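Subject: Structure handover

Hi,

Here is the structure I promised to pass on. Please open it next to the sequence while you read the notes.

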Amino acid sequence: MRLLITNDDGIDAPGLVELARSLSAVHEVWVVAPDKNRSAISNAISMADPLKITKKKERWYACSGVPVDCVINGLRTILPAPPDAILSGINKGANLGTDVIYSGTCGAARQAIISGYPGIALSIENFHSRSKWNFKPLAEFVQKNLSELVSLCSPDVFVNINAPSADSYAGWRITRLSKRIYNNFIDTFTAPDGSSYTFFQGGKVSTEGGDDCDFAAVSQGLISIGRIHAQPTDADDMKEKGLKLSL
């Protein structure tokens with residue numbers, strides 16, 4: 001397969017390097033990734049500023065934009081022919097449940113689907129902060145099962161894969177999205193000139209969902225595989241319900 005790989009952690013991120021290394025053993029891999037960390041950028045796109053594209057080595061390019069820019073530029077200006085799939089990651093940190101709204105990793109996979117190509121987002125979580133981040137097992141899992149994983153995509157669905165940072169996995173599970181509660185807060189500072197500044201502070205994340213959700217699978221040492229709609233969809237309860245509106 002011809003593959004386009006990107007991420008939101010940046011061109012030198014170890015998860016991207018490991019994924020590209022593993023897939024390059026059997027596939028034609030092209031890397032177009034942000035020149036610096038662009039985490040939590042969602043589906044943002046650069047519309048006003050020109051983008052700088054820098055060739056780092058053969059089939060490796062850094063882009064001054066965000067992950068979606070990397071996908072679009074890869075498709076339209078860099079790859080010699082269309083890819084068979086677009087992969088984003090491996091992200092350092094999970095993208096579970098509500099995370100997919102904010103995630104630049106998922107944004108790139110979503111853009112793949114919007115552009116007409118299979119898209120797969122990949123992330124790992126390290127539940128033990130002092131432990132080493134181990135991207136290799138997930139990269140190898142993807143290499144072994146790429147055709148099957150691509151088959152889970154559809155014209156409106158991308159695949160979101162999460163796994164624990166571990167030497168091996170207890171298995172895999174098709175999952176649904178959990179609900180993430182971030183408990184973030186804002187610090188405010190008033191400068192001597194009277195201007196106010198606010199500083200985002202991440203809180204301790206709590207998660208809601210049953211045994212079939214993505215968080216539960218990863219917590220149990222499994223690879224979580226979810227199918228996510230790329231396009232917003234109407235709520236299935238959009239019915240009249242006796243609504244009375246006046247003009």
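Below are my notes on the cores, one helix, the pockets and one glycine.

First, the ground rules. This is a predicted model, where local features need pLDDT of at least 70 and side-chain atom pairs count only at pLDDT 80 or more, while totals for chains, interfaces and linings use all residues. Residues are numbered from 1 along each chain as its sequence is written, and side-chain values use heavy atoms, with hydrogens and water left out.

Let's start inside. The largest nonpolar core (buried Ala, Val, Leu, Ile, Met, Phe, Trp, Tyr and Cys residues joined through side-chain atoms within 4.5 Å; buried is under 20% relative accessible area, exposed over 50%, partly exposed in between, with a 1.4 Å probe and protein chains only) has 40 residues. L87, I120 and V142 have the most contacts inside it. Helix α5 (residues 136–151) gives the largest share of this core, 7 residues; helices (H or I, at least four residues) and strands (E, at least two) are DSSP runs, numbered from the N terminus. Leaving aside neighbours within four places in sequence, V142 is in contact (heavy atoms within 4.5 Å) with L19, L23, L87, L122 and L149. Another core, of 12 residues, lies apart from the largest one and includes W30, V32, C63 and A112.

Two of those V142 partners, L19 and L23, are also among the buried residues of helix α1 (residues 14–24), along with G15, L16, E18, A20 and S22. The buried residues of α1 pack against β1 (2–6), β2 (28–34), β4 (60–63), β5, β6 (119–125) and α5.

Now the pockets. For the largest one, 22 residues form the lining, and A40, A94, N95, D99 and Y182 lie nearest its centre. (A pocket is an open set of points on a 1 Å grid over the protein atoms alone, where a 1.4 Å probe fits, with protein on both sides within 12 Å along at least five of seven lines; lining residues have an atom within 4 Å of a point.) β5 (85–92), α3 (99–102) and α4 (104–114) each give two or more residues to that lining. The second largest pocket is lined by L96, E125, N126, F127, R180, V205, T207 and F215.

Last, G210, which is in the loop between β12 (206–208) and α6 (214–219). G210 is partly exposed, at 29% relative accessible area. Not counting residues up to four places away in sequence, G210 touches R176 and A216.

Cheers
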